[in-house]
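Hi everyone, thanks for coming. I'd like to walk you through a structure that may be new to you, so let's put it up on the screen.

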Amino acid sequence: MALDTYAVRRNIIAFIILLIAVIFLVKLFMIQVVSSDYTPKATSNVIRRITQYPARGLIYDRDGELLVYNQAAYDIMVNPQHLEAFDTTEFCRILNIERSYLNKKLKEAKAYSRYKPSIFLKLVSSETYARLQEKMYKFPGFFVQPRTVRKYQYADAAHVLGYVGEVSDKLVDTTSYYKSGDYVGISGMEKSYESVLRGKKGVKVYLVDVHNRIKGSYSNGRYDKKAEVGTNLISSLDMDLQRYGEKLMKNKIGSIVAIEPSSGEILSLVSSPGYDPGLLVGRQRTKNYRKLQKDTLEPLFNRGLMARYPPGSTFKVMNALIGRQEGVLYPGTTYECHGGFYAGNFHMGCHNHPSPVDMIESIQVSCNNYYAHVFKRIMQDSDYESISKAFTNWKDHLQNFGLGDKLNIDLPSEVGGFLPSVDYYNRYYGENRWRYLNVVSLAIGQGELGITPVQMANLTSAIANRGHYYTPHIVKRIEGEKQIDERFRTPHHTGVDSAYFEEVIEGMDLAVNGQAGSGSTARTARVDSITVCGKTGTAENPHGKDHSIFIAFAPKDDPQIALAVYIENGGYGATWAAPTAKLMIEKYLKGSIDVQWWEDYVTGANLIKQKEEDEEED
Amino acid sequence: MKRRINVWSNIDWLTVVLYLFLVFLGWINIYSAVYNEEHQSIFDFSQRYGKQMIWIVAAFVIAILITIIDSNFYSFFAYFLHFVILFLLVVVTLFGTEIHGSRAWLEFGNVRFQPAEFAKITTALALARYLSSHNVSMNRLKTYLWLGAIILVPMAIILLQNDAGSALVFVAFVLVLYRQGLPLGVLLFGVYVVALFILALILEKLFVIFGTVALALIVLWVLNKRFRYVWVAAVIMLASGGLFYGAKQLFDLNIPIYFMILGALVFSSIFYIILSYWYKVPRVMILLLLLFGSIGLTYSVDHVFNNFLETHQQKRINQLLGLESDPLGAGYNVNQSKIAIGSGRLTGKGFLNGTQTKFDFVPEQSTDFIFCTIGEEWGFVGSLVLISLFIMLLLRLLFLAERQRSIFSRIYGYGLISVLLFHFAINIGMTIGLVPVIGIPLPFISYGGSSLWAFTIMLFIFLRLDVSRLKVLR
């Protein structure tokens, strides 16, 4: 063996080997056992949670006809990290987009994240998707995410059904359910029944590889949550009647609200002008919405629930009922009318009709003078120590009929209407400085009254029921649930005895069905073989010609339908509103119209155009 | 004096068992890394584990062949084999197939062969042959020229193939030289140059210059054991520095601070040379040479770094030194590799349950980054077992090398140890972020025929030499 003076160096080499091992083991111990940072990083690397969007609940009308359903649509998504050069001309042609849009969106997507997908083009139709699908292999980096959009059977009832749109940032921040990009009901039933219709989002947990390709389900789907399909709704709407109403209201501004008195179910809720609900779906939604928003006729404004009108002469039935209940008016009470009501210098005009009239006849002929006297008696009732007390009592009666405050129906954006208070007049005239004569226009439904069509229809429903009403509602049944909300099943009593209703109804009967020449104001609402009870109204207003108003229910003895018709600037109640109501009643009760002439008469009128012409003459 | 010895009863079975363990572990983890549900059969030769199976079987055959060849063959043909491999390396550099940017492969049909892997063996053989010859002294320049020729020529050719990783492996042979008596000073000098290079990259040049000056002063003190020399030198340097600074302020000169310091240094050095000549202070010239060499290196680091290294190599170094952070770019591999290993925790996710490696988050998960699969699926326990196996193997080889009577065999054994240790340290070190990413395989574990065969041949040549250790005295 050769002399080896460096043999000791083998120990140093052994030491180096062991040192490396120790360094490695310490480092491995740190990252594998001590640090817990790496496991969550690994999890976020491979786990993708993909939201499963449930189909929204369907909406049917009261006869089981499908009104709203879902249609497949596709969001085109882009993931910038997988983009490669592609034929942009072909791509734009297939999707029917501008090259500038393509460039803009790609830039946005890259700015948002190079590694996360973002929406490139929203809600593409099935046809476009089919065309794209064939060529998809040519466009790496793009993929498709299925969604659903609402589809409407008819171009009607937009205000009732409402529409669905992308959730607002505010809602995303304030609720835990919604994530940016989700869809949510924004108006109508879609909004008020959102929690029922939307169902429940699910989630699927996948394992993905580095290229974001799905490699399988995580833990055999143990952490998956199935999406729950939205619940179907059966609306109380009678779609035939609703469509007929919209047809009648064409070229007119106003509203029809029809209610089934025995249940409070809304049979139709027309707001004119309306719009096609199909316009507010999919990619064109924003564009169309802006257009509708700019329209001076305000088609997005739901007049049935939101417009406050003075009730006009229809209000006489209210004063008659209150007068009777307060014991200041009897069926035999008569007043002579010579062209109106005179008190000192004050004069309130009346039209030409037989005189004197008793209570029933006063409704039949709509005598202004009669109700000025009735109102005077109510205000000066000796049971109350002051006009303030009497007035407050009168107002309480009105509120018992659902006027003044919101009815709390199951549709969004309902307004309360307006009833003046004692305070209101105290402020206006000074405390105790006003008397009945200052507010006598309330007797005939003029003055400081703001009542919505749905409140008027509800009031009519209460009359038809001879003293009680059910809160109007648009949903007849929620699938899978036995009953609807209790608030729709509890009767509200008006506090007026039913006997007094019979008297008022008698007058409403005569107003429609009285003999020719008897002064009946609503003979234009007559229907053969059905006893329609109704009351006209003609409301003066600062927006031009009087509003034409009519409330009615039918049949008299077994009311099936109660409704209120408002036609803005239509003139006398008997001219447009009464025939419109009559057609609605006939359509609902008989299914067809006996005298076609009336339908042609109403549908043929273009009051919008006429109003414009009138304004030009002024 | 020739005795017939039974190769099979004298072979070191402990090493063979460790070898078999490692090869088996490697195959298991290759199976797991590329496992997918469509290809479950272990004999599916379209998959990497199927191919590796063939290579393992072939490696066993090769091992047997190596073992039955006469032990004298290896020392006798050492130079010849080295020349053959050098020739092949040249051929590959000129006509080879390019994969991942390296022209390092010879292709026969669909079998690929990487001569660089085998260059390590012949270099070890040639080195052993040269160093075991009688008239070699580690103190002569001629020896270093020869050693340089044996080690640096293949290294340079491989570098030309653009395969920096494989080329770097040859650095490992320094360990052999160290064992054979490489003077400590040479070694320290090498370490000093590397450290200076790294420091110059990380730190302000100014600090490095002050550091080297301070170091020079310390060395001066250590060499002469006279504090006065150091004291005088420091005063001279500070004075000339002050002089230069004063001049700059006084004349309002617009000179960069580097040049000013350099100027002061040159000025003070000249002054000190004259002084030391006068007072006969020894070893000043050598020290100043070293000092200016260091400063020259410091200033040239940027140039070397920017012009001689590829962009991806620069990035990997910057990443490791913490000068750059780009977890999705250059740092992606290491980041993902650490996530995979770290998420294995103590006991791992279980066989075939690793997600990071299986779903390609870790690149090259069956070759260079195979350790990630082990770390992820078998956890710290698995890492401990693997590292222990390697350490046992290396220490066993160290023991075997030291018991050789033949210098040739011992030096060859050290060559084997050096190469294995280098691969082991760099490969695992890079997966856990301790060394820059250098693409070299983990011996016996990583997927790949050339690498497995080369390490098998290298190991079994040594085992064969060990069998005959009593037979000859060389």
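Okay, so chain A has 22 helices and 20 strands. Keep in mind that this is a predicted model. The radius of gyration of chain A is 35 Å, and the globule rule gives 25 Å for 618 residues, so the chain is more spread out than a compact globule. You can see that in the C-alpha trace too, which spans about 150 × 55 × 50 Å along its principal axes. Buried residues make up 53% of the chain.

Now, charges. Chain A carries 73 positive and 71 negative side chains, with the centres of the two sets 13 Å apart. How many salt bridges does a search of the whole structure find? It finds 29.

Let me show you a few of them. A:K135 pairs with A:E90, and their closest N and O atoms are 3.3 Å apart. A:K135 lies in helix α5 and A:E90 in helix α3, so this pair ties together parts 45 residues apart in sequence. A:K135 is partly exposed, while A:E90 is buried.

Next up, A:R243 and A:D156 form a salt bridge, at 3.1 Å between the closest N and O atoms. A:R243 sits in helix α10 and A:D156 in the loop between β5 and α6, 87 residues apart.

Then there's A:K556 with A:D509, at 2.9 Å for the closest N and O atoms. Here a loop between β19 and β20 is tied to helix α19. A:K556 is buried, at 13% relative accessible area, and A:D509 is buried too, at 11%.

Finally, salt bridges with shared partners join A:R56, A:R150, A:E190 and A:E194 into one network.

Notes:
Residues are numbered from 1 along each chain as its sequence is written. Chains are lettered from A and ligands numbered from 1 in the order in which they are written. This is a predicted model: local features need pLDDT of at least 70, side-chain atom pairs count only at pLDDT 80 or more; totals for chains, interfaces and linings use all residues. Side-chain values use heavy atoms; hydrogens and water are left out. Helices (H or I, at least four residues) and strands (E, at least two) are DSSP runs, numbered from the N terminus. The radius of gyration is taken over C-alpha atoms; the globule rule is 2.2 Å times the number of residues to the power 0.38. Buried means under 20% relative accessible area, exposed over 50%, partly exposed in between (1.4 Å probe, protein chains only). Lys and Arg count as positive and Asp and Glu as negative; His and the chain ends are not counted. The place of a charge is taken as NZ of Lys, CZ of Arg, CG of Asp or CD of Glu. A salt bridge is a side-chain nitrogen of Lys or Arg within 4 Å of a carboxyl oxygen of Asp or Glu.
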